[in-house]
Amino acid sequence: MSTIAELKELLAQPRQIFITTHHKPDADALGSSLGLAGYLRKKGHHVTVVTPSDYPDFLAWMPGNEGVVVYDPRRNDAQVRAIINEAEVLFCLDFSCLNRISELGEYVRAAAGTKVLVDHHQEPEDFAQLDFSNPKAAATAELIFEIIRDLGDQDLIDTGIGECLYAGIMTDTGSFRHPSTSRNVHLIIAELLSAGINLSDVHRRIYDSHSEERLRFLGFVLKDKLTVLREYNTAYIAITADELRQYHSKTGDTEGLVNFALSIEGIVFAAILIDRKQAIKISFRSVGGFSVSEFSRRHFSGGGHHNAAGGISHEPLDKTVTRFLELLPEYQSQLVAAPLAAAHPAA
Ligand code: 5GP
Ligand code: MN
């Protein structure tokens with residue numbers, strides 16, 4: 001863990017700053033990035049936010065969204081490499097290993113500027129000179145708030161920056177219900193309210209702005225695609241590429257589906273396996289003692305948090321599902337015994 005004094009010194013003069021976050025940014029990833037960018041611009045720095053991929057439309061309201069450079073290897077590789085190489089400071093937000101930012105990972109690794117990691121995932125990779133990694137934090141946005149406050153600049157958190165940070169904390173805590181929702185989280189929200197944020201507007205923009213088609217897709221998934229395995233207290237959903245096409249699924253349309261599987265009484269482990277073009281993307285969620293980050297790290301080249309993690313498979317969807325099912329007997333005793341009260345913070 002680095003000190004605020006080190007960061008203060010690094011930012012003591014106007015800098016060329018690059019901010020990036022993980023592949024397919026969620027509200028914490030983008031909210032942390034744009035909240036930090038808004039603050040750093042107020043301090044006179046030149047800031048560019050680059051995302052390794054596109055992100056859902058329901059995040060486009062965030063102030064600063066219009067200036068985000070979305071990396072596309074076929075379209076702007078040279079431009080993004082130049083931004084990375086010219087950066088004096090590179091902020092890496094809401095991811096713990098460089099393989100989470102696809103091609104950008106190697107560019108960032110090779111960059112000459114000072115790298116600053118701000119993150120709350122488990123097992124961070126050691127690639128940054130300054131490291132503000134704290135797996136106990138509920139969200140990266142919580143850490144960004146604390147960094148700005150500890151730099152003595154809380155008064156620079158205006159409504160726009162505050163709403164970006166609020167979005168990150170609200171979503172990563174599952175709207176303040178996960179065990180990671182600490183007293184500290186609520187105190188920070190109280191400060192953000194003093195900065196004028198509108199909680200219900202943020203909630204509505206993120207959770208109540210879906211297309212009709214997305215809702216019908218949800219209906220189809222819950223009716224036809226959900227499998228419940230009572231003997232393992234497990235439920236999973238597997239979605240084919242054809243089904244995504246049929247419902248014109250857009251980035252963000254599958255977000256949160258896995259939580260429906262976990263909402264069934266008695267279910268402690270849920271998974272969604274989705275056939276994306278390049279690979280099968282998997283999301284895992286759990287309640288209680290069963291660690292999905294460990295499961296994902298061990299079997300699906302992934303990671304994340306104790307109760308929320310993701311991973312990947314390069315086998316076809318049916319083979320991936322079979323492999324997933326074949327793993328369950330090994331974990332049966334844990335899944336059946338898993339106490340509901342989680343001992344670990346989740347996000
Ligand atoms: P989600 O399932 O919503 O994509 O991700 C759940 C959590 O796991 C997030 O904190 C996310 O950053 C992390 N995560 C998702 N996919 C991966 C992955 O492939 N590798 C690692 N290390 N973490 C992941
Ligand atoms: Mn996060």
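A polar contact is a pair of N or O atoms within 3.5 Å; within protein, one atom must be able to donate a hydrogen and the other to accept it. The model described here is predicted. In it, the side chains of Asp153 and Tyr39 are joined by a polar contact of 2.5 Å.

**Around Asp153**

Asp153 sits in a loop. That loop runs between helix α5 (140-150) and helix α6 (159-172). Is Asp153 buried or exposed? Its relative accessible area is 10%. Buried means under 20%, so Asp153 counts as buried at 10%. Which residues does Asp153 touch, once those up to four places away in sequence are set aside? They are Tyr39, Lys43 and Ile148. Tyr39 therefore appears both in this contact list and in the polar contact with Asp153.

**Leu165 and Ser32**

Next comes a pair of residues from two helices. Leu165 lies in helix α6. Ser32 is part of helix α2 (residues 27-42). Along the chain, the two are 133 residues apart. Yet their C-alpha atoms are separated by 5.9 Å.

Leu165 is buried, with a relative accessible area of 0%. Ser32 is buried too, at 0% relative accessibility.

What surrounds Leu165, leaving aside its neighbours within four places in sequence? It is in contact with Gly31, Ser32, Gly35, Ala141, Ile144, Phe145 and Leu192. For Ser32, residues up to four places away in sequence are again not counted. Ser32 then touches Ala27, Leu93, Thr140, Ala141, Ile144 and Leu165. Ala141 is in contact with Leu165 and also with Ser32. Ile144 likewise touches Leu165 and Ser32.

Ser32 has a further link to Ala141. A polar atom of the Ser32 side chain lies 3.2 Å from the backbone nitrogen of Ala141.

**Positive phi angles**

Two residues have a positive phi although neither is a glycine. One is Glu123; another is Ser175. The table sets them side by side.

| Residue | Phi | Loop | Relative accessible area |
|---|---|---|---|
| Glu123 | near 55 degrees | between β5 (114-119) and β6 (130-133) | 56%, exposed |
| Ser175 | about 55 degrees | between α6 and α7 (183-194) | 30%, partly exposed |

Why is Glu123 called exposed? Exposed means over 50% relative accessible area, and Glu123 has 56%. Ser175 has 30%. Partly exposed covers the range between under 20% and over 50%, so Ser175 falls there.

**Two domains**

Now for the whole chain. It is divided into domain 1 (4-207) and domain 2 (212-337). How far apart do the C-alpha centres of the two domains lie? The distance is 27 Å. The contact takes eleven residues from domain 1 and nine residues from domain 2.

**The second largest pocket**

Both domains also help to line a pocket. The lining of the second largest pocket draws at least three residues from each of domain 1 and domain 2. About 160 Å³ of space lies in this pocket.

Which residues line the second largest pocket? They are Asp54, Tyr55, Pro56, Asp57, Phe58, Ser209, His210, Ser211, Lys250, Thr251 and Asp253. How many of the lining residues are nonpolar, polar and charged? Three are nonpolar, four are polar and four are charged.

Conventions:
Residues are numbered from 1 along each chain as its sequence is written. Chains are lettered from A and ligands numbered from 1 in the order in which they are written. This is a predicted model: local features need pLDDT of at least 70, side-chain atom pairs count only at pLDDT 80 or more; totals for chains, interfaces and linings use all residues. Side-chain values use heavy atoms; hydrogens and water are left out. Helices (H or I, at least four residues) and strands (E, at least two) are DSSP runs, numbered from the N terminus. Buried means under 20% relative accessible area, exposed over 50%, partly exposed in between (1.4 Å probe, protein chains only). Contact means heavy atoms within 4.5 Å. On a 1 Å grid over the protein atoms alone, a cavity is a set of points where a 1.4 Å probe fits but cannot get out, and a pocket is an open set with protein on both sides within 12 Å along at least five of seven lines; lining residues have an atom within 4 Å of a point. Grid points are joined across faces, edges and corners, and a volume is the space filled by probe spheres set on the points. Ala, Val, Leu, Ile, Met, Phe, Trp, Tyr, Cys and Pro count as nonpolar, Asp, Glu, Lys and Arg as charged, and the others, Gly among them, as polar. Domain bounds come from an automatic or database domain assignment.
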